[in-house]
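Student: I'm new to this one and would like to zoom in on a single residue before looking around. Could you take me through it slowly?

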There are 2 protein chains.
Amino acid sequence: MQALQACGVPADAARTQAELLVEAELCERPSHGLMRLPRVLQRVRSGACDPAARGAGQWRGGSYLEVDGQNGLGPVVANAALDAIQPRARETGVALAAIRRNNHLGMLGWYAERVARAGQVLLALSTSEALVHPWGGRQALVGTNPIAIGVPVAPHPFVLDMATSRVSMGEIHDRAQRGQAIPGDWALDAAGDSTTDPVAAREGAIAPFGGAKGYALGLAFELLVTALTGAAIGRAVKGTLDATEPCNKGDLFLVMQPDSSAAASLSAYLDEIRSCPPAHPDRPVLVPGDRARERRERRLAQGIELPATLWREIQAQADHTPS
Amino acid sequence: MQALQACGVPADAARTQAELLVEAELCERPSHGLMRLPRVLQRVRSGACDPAARGAGQWRGGSYLEVDGQNGLGPVVANAALDAIQPRARETGVALAAIRRNNHLGMLGWYAERVARAGQVLLALSTSEALVHPWGGRQALVGTNPIAIGVPVAPHPFVLDMATSRVSMGEIHDRAQRGQAIPGDWALDAAGDSTTDPVAAREGAIAPFGGAKGYALGLAFELLVTALTGAAIGRAVKGTLDATEPCNKGDLFLVMQPDSSAAASLSAYLDEIRSCPPAHPDRPVLVPGDRARERRERRLAQGIELPATLWREIQAQADHTPS
């Protein structure tokens, strides 16, 4: 928080951004955690991110909020959009926010959890830089196009949060840093050939998850978001990985009002799935979100481990005075 | 059409149902084609399907249509729901139909194509009988939970239509009839063990597509649809495969009004994907829907081939007089 405030982020916005990054650490998703903070700070300092902007929403219809993110902090603009469409969905049954010119949203499951805890369903989609090759293609042309779905279920909301790529680029960077090979079906090198070298994969393309179907789905999400937001698409997308480019991808939130009679059957159904006879006796069947919740509880009790270099970098930034 | 009218289906409804089945044949998706007609007729005769019902819609909010399908013909009820929400989405930006007590929708891409041709975006989800095992589990507990997405793009709408299962149960039945083995990662037998015998797989469970991620996504769609429709879930779902049970799954249509400024960039982007250097020189990269469109054109020129037994069965039903 201090590091963010030191470069001009208002206190409440700094708290939102910091909370999201710490939540990702708690869920053991370091690629969406504090390792992103130095890049956020660089983007604020370079002017690619306006730390005071909250986004400007305009209703294009009774249930359709068009949001100009004004290059604000991703979670600050996104939360403001949800604040606007959640009450609207309570009235009309469904409301959407189509957001452009917003910075990286971070872990999408965080928004799904928020909305589901408020008793509503969220479908969240976001586009990204082209890092993924089309199925049967040799070049990165498709985004990692993550999706999150939150559904109110007792006692914990159901939260799905996944990219439509085989793995994240963060995972490939992590393997490169550790000097570990990657499986041959994860990525292509810059020439478009399959590789087990993570350093070569960083310059190439990640595979879509789930073969032809996963490719088709990720592409469909990318088109859907772009059709609604009018954001950039494919290789024209910039600004979620670099320090200086304005971020021009699109984000879509759909909030829906559930039928409250369904909650009990959903809860019983998820328990039935958890008690499904497992293929491996020592690996019980999981429901998406179960593992993240366990990790979060463990880390809340035991604390978060950060690489020492990252922690030093964040502390150094916190000691800066605002320019 | 005559076979449908012979068991009491009004002429316009018979035309809708027949057109949908023929379209699936044209796109070479026989599992959603005329092989389904005898079962539709049986369901009408058994009373599980009311051939005159159109569904009753009630607005739960300005953008949320709750539809009681009244056990009507799937595509008849679905089209009536789209007729109601498409103009509403033009006003409010987004409108959804949450449908229960409706019969099998057939090929979801048909609806996506219809809505995209009208200049709107469709996201369609439907649940089904539990035919798919959770990732790491040995029993069928999850539906095949298909998704369709239609986006207006020149010159052809973009249409994605896929199940979240590895393959369709129809494909497994087809292999069984031909006496062909199936790949070992398609399905489990009734005991929960992986099998290459399609006859054993029919009594077991299909794998989800895309491993753990595909399972998570299919399950999320199932929860989302059930939360909104209040329909049955998991093993309680009946009536899309049998002849007599009322159909109690849920269908969800979300119609959204796109930003018209995006259409040109979407079209250029899809062409860029089609010209991506291919992994196999003789297999160009495809955009979802490309192959179905080619097949449709070929079949429109050359005609549809049906198994002789199926054609005889349909003709026999057409000669029945209404009971």
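Student: Which helix is A:Ser267 found in?

Tutor: A:Ser267 is found in helix α9 of chain A, which covers residues 263-274. Before going on, some ground rules. This is a predicted model, where local features need pLDDT of at least 70, side-chain atom pairs count only at pLDDT 80 or more, and totals for chains, interfaces and linings use all residues, while side-chain values use heavy atoms, with hydrogens and water left out. Residues are numbered from 1 along each chain as its sequence is written, and chains are lettered from A and ligands numbered from 1 in the order in which they are written. As for names like α9, helices (H or I, at least four residues) and strands (E, at least two) are DSSP runs, numbered from the N terminus.

Back to our residue. A:Ser267 has a relative accessible area of 17% and therefore counts as buried (buried is under 20%, exposed over 50%, partly exposed in between, with a 1.4 Å probe and protein chains only). If you set aside its neighbours within four places in sequence, A:Ser267 is in contact with A:Val153 and A:Ala154 (contact means heavy atoms within 4.5 Å). A:Arg235 is another story: it is 32 residues away along the chain, and the two C-alpha atoms are separated by 42 Å.

Now step out to the sheet of chain A. Seven strands form an open, mixed sheet there, in the order β1-β2-β3-β11-β4-β7-β8 (two strands pair if DSSP finds at least two bridges between them). At the edges stand β1 (56-61) and β8 (158-162) of chain A; each has a single partner strand, so one side of each has no neighbour in the sheet. Ignoring direction, neighbouring strands are turned by 15° against each other on average (axes are lines fitted to C-alpha atoms, for helices over the stretch in contact, and angles run from 0 to 180 degrees between N-to-C directions).

Take one edge of that sheet. β1(A) and β2(A) run antiparallel and are joined by five bridges, with a hairpin of two residues leading from one to the other. There A:Gly61 sits opposite A:Tyr64 in β2(A). At the other edge, β7 (147-151) and β8 of chain A also pair in the antiparallel sense, over five bridges, and A:Ile149 stands opposite A:Leu160 in β8(A). Lying across β1, β2, β3, β4 and β11 of chain A is helix α4 (74-92), which runs at about 160° to β3(A).

Next, a helix pair in chain A. Helix α2 (11-26) and helix α10 (290-302) of chain A pack at an angle of about 105°, their axes 8 Å apart. That angle is why α2(A) counts as roughly perpendicular to α10(A) (under 35 degrees is roughly parallel, over 145 roughly antiparallel, 65 to 115 roughly perpendicular, and the rest oblique). α2(A) brings A:Glu23, A:Glu25 and A:Leu26 to the contact, and α10(A) brings A:Arg295, A:Arg296, A:Arg299 and A:Leu300. Sorted by class, that is two nonpolar, no polar and five charged residues (Ala, Val, Leu, Ile, Met, Phe, Trp, Tyr, Cys and Pro are nonpolar, Asp, Glu, Lys and Arg charged, and the others, Gly among them, polar).

Chain B has a sheet to look at too. Its seven strands make an open sheet with mixed pairing, ordered β1-β2-β3-β11-β4-β7-β8. In chain B, β3 (94-100) is joined to β11 by seven bridges, and the two run antiparallel. B:Ala95 has B:Val255 of β11(B) as its bridge partner. Helix α8 (211-229) of chain A packs on this sheet, touching β4, β7, β8 and β11 of chain B, and its direction makes about 140° with that of β8(B).

Finally, the two chains together. Each gives 73 residues to the contact between them. About 5,700 Å² is buried between chain B and chain A, with carbon and sulfur atoms giving 72% (buried area is the accessible area, 1.4 Å probe, that two parts lose on being put together, summed over both). On the chain B side, B:Lys213, B:Leu223 and B:Tyr269 lose the most area to chain A, together 12% of what that side buries.
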